[in-house]
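User: Let's go through this model by question and answer. Keep it brisk, and end each answer on what I asked for.

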Amino acid sequence: MTKKELAEQKRAEKLQKEIARVEALCEFEKKYPDCTLIAGIDEVGRGPLAGPVMTAAVILPKEARILHINDSKKLSEKRREELYDVIMKEAIAVGIGSNDHVRIDEINILQATYEAMRQAVEQLQVRPELLFVDAVHIPGLEIPQVSIIKGDAKSQSIAAASIIAKVTRDHLMEEYDKRFPEYGFASNKGYGTKTHTDALREFGPCPIHRRSFIKNFL
């Protein structure tokens with residue numbers, strides 16, 4: 001076998017392995033063959049010291065198989081950006097929800113996350129028949145829900161939502177970085193890195209910091 005043929009064989013094997021991985025990621029979706037409109041829901045930004053919590057709800061066609069899709073935390077920034085475009089193109093519907101630092105401080109991060117998740121569902125252009133939610137059950141919704149522990153690594157629908165939420169929030173934090181450059185929001189996305197907490201101690205909080213999260217750093 002020539003080097004070229006060997007390389008082609010390895011590429012083909014790698015592709016088949018990826019196809020099998022994505023097919024396994026649709027295991028939960030296939031458990032509900034009568035539901036054609038399943039929305040995956042996920043959040044990003046529960047832990048940062050600054051910025052909003054962001055949620056997404058994504059309905060993919062049942063036949064969709066998006067190569068390289070995964071929990072957004074397991075993907076490079078470049079791959080997330082590429083998949084964001086693919087998901088937005090293939091999705092039947094996408095809804096985005098968010099709550100800012102003021103609302104988080106007012107009602108706490110868990111309730112603010114639930115509220116943002118409800119917003120994301122309400123923003124969908126079509127009503128889903130079933131919701132796949134990463135780890136939690138969203139109160140206040142009449143649509144049936146399935147809570148999946150580590151769902152963003154087990155369900156293609158939830159993985160898609162995690163990517164949409166992550167990329168959307170990252171872009172927003174990059175815009176905030178232009179207004180408040182001393183905190184490094186473009187790189188830390190509001191999370192409590194040493195550079196970020198050092199800046200908090202030096203400059204104090206900026207308008208998008210969560211006051212209930214930063215007491216230990218002031």
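User: What percentage of the accessible surface of the chain belongs to carbon and sulfur atoms?

Analyst: The accessible surface (Shrake-Rupley method, 1.4 Å probe; for residues, only the protein chains shown count as cover) comes to about 11,200 Å². This is a predicted model: local features need pLDDT of at least 70, side-chain atom pairs count only at pLDDT 80 or more, and totals for chains, interfaces and linings use all residues. Numbering starts from 1 along each chain as its sequence is written, and side-chain values use heavy atoms, leaving out hydrogens and water. The share of carbon and sulfur atoms in that surface is 53%.

User: Buried residues make up what percentage of the chain?

Analyst: The chain has 218 residues. Buried means under 20% relative accessible area, exposed over 50%, and partly exposed in between (1.4 Å probe, protein chains only). The buried share is 48%.

User: In what order do the five strands form the open sheet?

Analyst: The chain has eight helices and five strands, taken as DSSP runs numbered from the N terminus (helices H or I, at least four residues; strands E, at least two). Pairing needs at least two DSSP bridges between two strands, and in this sheet it is mixed. The edge strands, each pairing on one side only, are E3 (93-99) and E5 (145-148). The order is E3-E2-E1-E4-E5.

User: In E3, what is the bridge partner of Ala-57?

Analyst: E2 (residues 53-59) pairs with E3 in the antiparallel sense, over seven bridges. One pairing joins Ile-59 to Ala-93 of E3. For Ala-57, the partner in E3 is Gly-95.

User: Why is E3 largely enclosed by the rest of the structure?

Analyst: E3 is an edge strand. Even so, E3 is largely enclosed, because the buried residues among its seven number five.

User: What angle does the direction of helix H5 make with that of E3?

Analyst: H5 (residues 109-123) packs on the sheet and touches E1 (38-44), E2, E3 and E4 (130-134). Contact means heavy atoms within 4.5 Å. Angles run from 0 to 180 degrees between N-to-C directions, with axes fitted to C-alpha atoms, for helices over the stretch in contact. The value for H5 and E3 is about 150 degrees.

User: Which residues make the nonpolar surface patch?

Analyst: Patch residues have over 30% relative accessible area and no salt bridge; nonpolar side chains (Val, Leu, Ile, Met, Phe, Trp, Tyr) are joined within 5 Å, like charges within 9 Å. Leu-67 lies in the loop between E2 and helix H3 (77-90) and is partly exposed at 32%. The patch covers about 220 Å² and is made by Leu-15, Ile-19 and Leu-67.

User: The side chains of Arg-21 and which residue meet in a salt bridge?

Analyst: A salt bridge puts a side-chain nitrogen of Lys or Arg within 4 Å of a carboxyl oxygen of Asp or Glu, and the structure holds 14. Arg-21 is partly exposed at 28%. Its partner is buried at 14% and lies three residues away in helix H1 (residues 3-25), about one turn of the helix. At 2.8 Å, N to O, the partner is Glu-18.

User: Asp-71 and Lys-73 meet in a salt bridge at what N to O distance?

Analyst: The two ends differ in cover: Asp-71 is buried at 5%, whereas Lys-73 is exposed at 64%. Their N to O distance is 3.2 Å.

User: Which residues do salt bridges that share partners join into one network?

Analyst: Glu-23 meets Lys-30 at 3.0 Å, N to O. Glu-23 is partly exposed at 29%, and Lys-30 is partly exposed at 43%. The network joins Glu-23, Lys-30 and Arg-65.
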